[in-house]
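This report covers the salt bridges and the cysteines of one protein chain. The sequence and the structure come before the text.

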Amino acid sequence: MPLLPPPRVYNSLSRRIERIPADPLIGLYVCGITPYDAMHLGHAFTYTFFDVLVRYLRFLGHEVKYVQNITDIDDDILRKAGEVGRDWRELGDSEVAKFRDVSRRLNNLPPDVNPRATEHIEDMCRINARLQELGLAYESGGSLYFEVGRAPEFGRLFPAPYEEKLRVANQNGNRPDDPRKRDPLDFVLWQGWQEGEPWWESPWGRGRPGWHIECSAMGMAHLGESFTLHGGGRDLLFPHHDCEILQSESYSGKPFVKHWIHTGMVRLDGEKMSKSLGNMVFAGDLLDRFPADAVRLYLLARDYRSDWDYDEASLGRWVGAAEALAAELADVEAATPQGTIEAAGHGDSSLLGALDSGFDLEAAVTRLLELAASGSARNAGAAKRLATDVFGLTLGR
């Protein structure tokens, strides 16, 4: 039996703080990288948050299957490969290897399954064919589109007026001027082949999958048609995640995901950090200059749902905190999980209470440091177990 129920965490679908369902197997799908450039701090923030969530669920005794995909065929990969004169597969493999190395240096656990979109083309074609049979998708010019006008429930994560949906979708990869569309907000399920691009056979001819269908196919292939958790950065909420809900539930007739979790955006000088804007701070560069524990504490000690600005001076101040924590716990024996829960407590003012009541990592990190510095062997043992097993700190190792 688990030691405690899963924590309460904000659900982007219900727009309330709710307890994560205590499914026998908690399936978690987190949208992974499109491997055409290095991991920036926004990526590191999102993946480190979900790493701690997975660690905490397992610490409490819950079985978790963590799936993090690789979008290895995409417009951005093909564009970048053309710019640098490399084969798109070679570019993707190289960036995946770099991403995994930085993740290892951050001490993020590898996902249980790390599927590539190109491994699931057949799954995508099967889902797309069913959507067409249902009259929800139409073929045009060798491409297949989902007709959002036939699905009035589109936008459950982002219930905004049509014009606002179109504005946000256009900022996040939508092509409103595609002449093959019936509606500017319709989204591509299968993209017809263009000269010079890779292709796969499909019922609609040669081509490649649309972005949104990739995640639906991989999520359902590895976690089933209904699963517990899905997450990513808030910039994926619409249209990507809303498209996933629409096409997946239309295909299966079942609720796709029970609980949606989104992290805030990392900014530099007030602008969202993104590859398209070119205003990135790369996680690997920071790990060359700062200890991994300092970087982790800097990423974690904040409201995970809020946008925030990178500030190097603030990161520098976490170096001393990380070193002090490692020194305080160097000769301490880690408590058992049950002993840790007893020492750390789970009331509203406790460390575990902070995690349970909305996953308040800022408060939890503060209380971790207080436990370690309290002078109590019992508290220090609990702090060591939580520091390593939940917060993923190396403590100088």
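## Salt bridges and cysteines

Arg86 is partly exposed, with a relative accessible area of 30%. The model is predicted, and this value, like the others in this report, was computed from it. Arg86 has a salt-bridge partner in Glu90, with the closest N and O atoms 3.2 Å apart. Glu90 is likewise partly exposed, at 45% relative accessible area.

The structure holds 33 salt bridges. Side chains of opposite charge can pair when their charged atoms come close. Three of the pairs are set out below.

| Pair | Closest N to O distance |
|---|---|
| Asp356 and Arg8 | 3.2 Å |
| Glu83 and Arg79 | 3.0 Å |
| Arg86 and Glu90 | 3.2 Å |

The bridge between Asp356 and Arg8 links distant parts of the chain, the two residues being 348 residues apart. Asp356 belongs to helix 12 (residues 351-356), whereas Arg8 belongs to strand 1 (residues 8-11). Asp356 has a relative accessibility of 16% and therefore counts as buried, the cut-off for buried being under 20%. Arg8, with a relative accessible area of 31%, is partly exposed.

The bridge between Glu83 and Arg79 is set within one helix: both residues lie in helix 2 (residues 75-84). They are 4 residues apart, which is about one turn of the helix. Glu83 counts as exposed, because its relative accessibility is 54% and the cut-off for exposed is over 50%. Arg79 has a relative accessible area of 39% and is partly exposed.

Salt bridges also join residues into a network, whose members are Asp75, Arg175, Glu197 and Arg208.

How many disulfides does the structure hold? The count comes to 0, the rule being that a pair of cysteine sulfur atoms must lie within 2.5 Å. Cys125 is in no disulfide, and the cysteine sulfur nearest to that of Cys125 belongs to Cys215, 16 Å away. Cys125 is buried, with a relative accessibility of 11%.

Cys215 is in no disulfide either; for Cys215 the nearest cysteine sulfur is that of Cys31, at 3.8 Å. Because a disulfide needs the two sulfur atoms within 2.5 Å, the 3.8 Å between the sulfurs of Cys215 and Cys31 does not meet the rule. Cys215 is buried, its relative accessible area being 1%.

How values were computed:
Residues are numbered from 1 along each chain as its sequence is written. This is a predicted model: local features need pLDDT of at least 70, side-chain atom pairs count only at pLDDT 80 or more; totals for chains, interfaces and linings use all residues. Side-chain values use heavy atoms; hydrogens and water are left out. Buried means under 20% relative accessible area, exposed over 50%, partly exposed in between (1.4 Å probe, protein chains only). A salt bridge is a side-chain nitrogen of Lys or Arg within 4 Å of a carboxyl oxygen of Asp or Glu.
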